[in-house]
Amino acid sequence: MELIIGPRTYSTWSLRGWLVMKRTGADFTTVDVRYETQAQKAALRQISPSGFVPVLKHGDTLIWDTLAIAEWAAETYPEARLWPADPTARALARSATAEMHSGFSALRTFCGTGPDRPMVGEARSETPSDPALDRDLARLVDLFRQMRGRFGQAGPWLFGDWSIADAFFTPVAARIRHFQIDLSAYGDDGVAVAYVAALLAQPDFRQWEAEALA
């Protein structure tokens, strides 16, 4: 298998797909591509049906979109337990993941990643301010507090054990770090901050970060 990813310093969706695949324990290689120039974008369209990353190549099959890759991995490697075993926790984990997949547009806009705004290392940017961003951050804090309050006794992750939801929120944690966002301003009592710290300290993310910086 090959996982085609974008630049490790700022390709957030690539990171999500890589974290999920890493968790399966499957044997796969990583193919790094870039898409800054028109020529690079054209080359990417030759190997990615959507023209975006990540793409998982499995035999003659190309699976594009991070959520599709994650669901495929969960079905193909059930022993990895990528979704919670409890039906209620699993439904809520899917809800949180889907919300991250399609929502939080202000967070993506005002806290976007790029060559000059990496999600790795200790680089800092000025904290942006916008009412829409404030709403997104308040929603994140509320989501983290609710899920950790309900499932936190089972482990340090959003639903106790690590799941696909944690892969999807890891780039969010990196954005919060990079833009120096104070979550206490959005009602956090320490729960969201602790969860963000856990995501940034997770060994697979630390590996990704080290390889990106190298």
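1. A crossover counts as right-handed if, looking with the strands pointing away from you, the path from the first strand over the helix to the second runs clockwise. With that in mind, start at the N-terminal end of this predicted model: strand β1, helix α1 and strand β2 make a right-handed β-α-β unit.

2. A closer look at the two strands of that unit may help. β1 covers residues 2-5 and β2 covers residues 29-32; the two run parallel and are joined by 4 bridges. If you would like a pair to find on screen, Ile5 stands opposite Asp32 in β2.

3. Now for the whole sheet. It is open, has 4 strands in the order β2-β1-β3-β4, and its pairing is mixed. β2 and β4 (61-64) are at the edges with a single partner strand each, so one side of each has no neighbour in the sheet. From one strand to the next, the twist averages 20 degrees.

4. The antiparallel part of the sheet is worth a visit too. Strand β3 (residues 55-58) runs antiparallel to β4, and 4 bridges join them. Here His58 has Thr61 in β4 as its bridge partner. Helix α3 (residues 66-76) packs on the sheet, where it touches β1, β3 and β4, and its direction makes about 120 degrees with that of β4.

5. Back to α1, which also has a helix partner. The axes of α1 (residues 12-24) and α9 (residues 203-213) come within 10 Å and cross at roughly 130 degrees. The two helices are therefore oblique to each other, and α1 passes α9 in a right-handed crossing.

6. Which residues in α1 and α9 meet? From α1 come Ser14, Leu15, Trp18, Leu19, Lys22 and Arg23, and from α9 come Asp204, Phe205, Gln207 and Trp208. Sorted by class, the residues of this contact are 5 nonpolar, 2 polar and 3 charged.

7. A second helix pair is α6 (residues 131-151) with α8 (residues 191-201), whose axes come within 9 Å and cross at roughly 85 degrees. Angles of 65 to 115 degrees count as roughly perpendicular, so α6 is roughly perpendicular to α8.

8. Finally, the residues behind that contact. α6 contributes Val141, Phe144, Arg145 and Arg148, while α8 contributes Val191, Ala192, Tyr195 and Val196. By class, the contact of α6 with α8 has 6 nonpolar residues, 2 charged ones and no polar ones.

Notes: Residues numbered from 1 in each chain as written. Predicted model: local features only at pLDDT ≥ 70, side-chain atom pairs only at ≥ 80, totals over all residues. Heavy atoms only, no water. Axes fitted to C-alpha atoms, helices over the stretch in contact; angles between N-to-C directions. Parallel < 35°, antiparallel > 145°, perpendicular 65-115°, else oblique. Left-handed = near helix turned anticlockwise from the far one by under 90°. Contact = heavy atoms within 4.5 Å. Nonpolar A, V, L, I, M, F, W, Y, C, P; charged D, E, K, R; others polar. Pairing = 2+ DSSP bridges.
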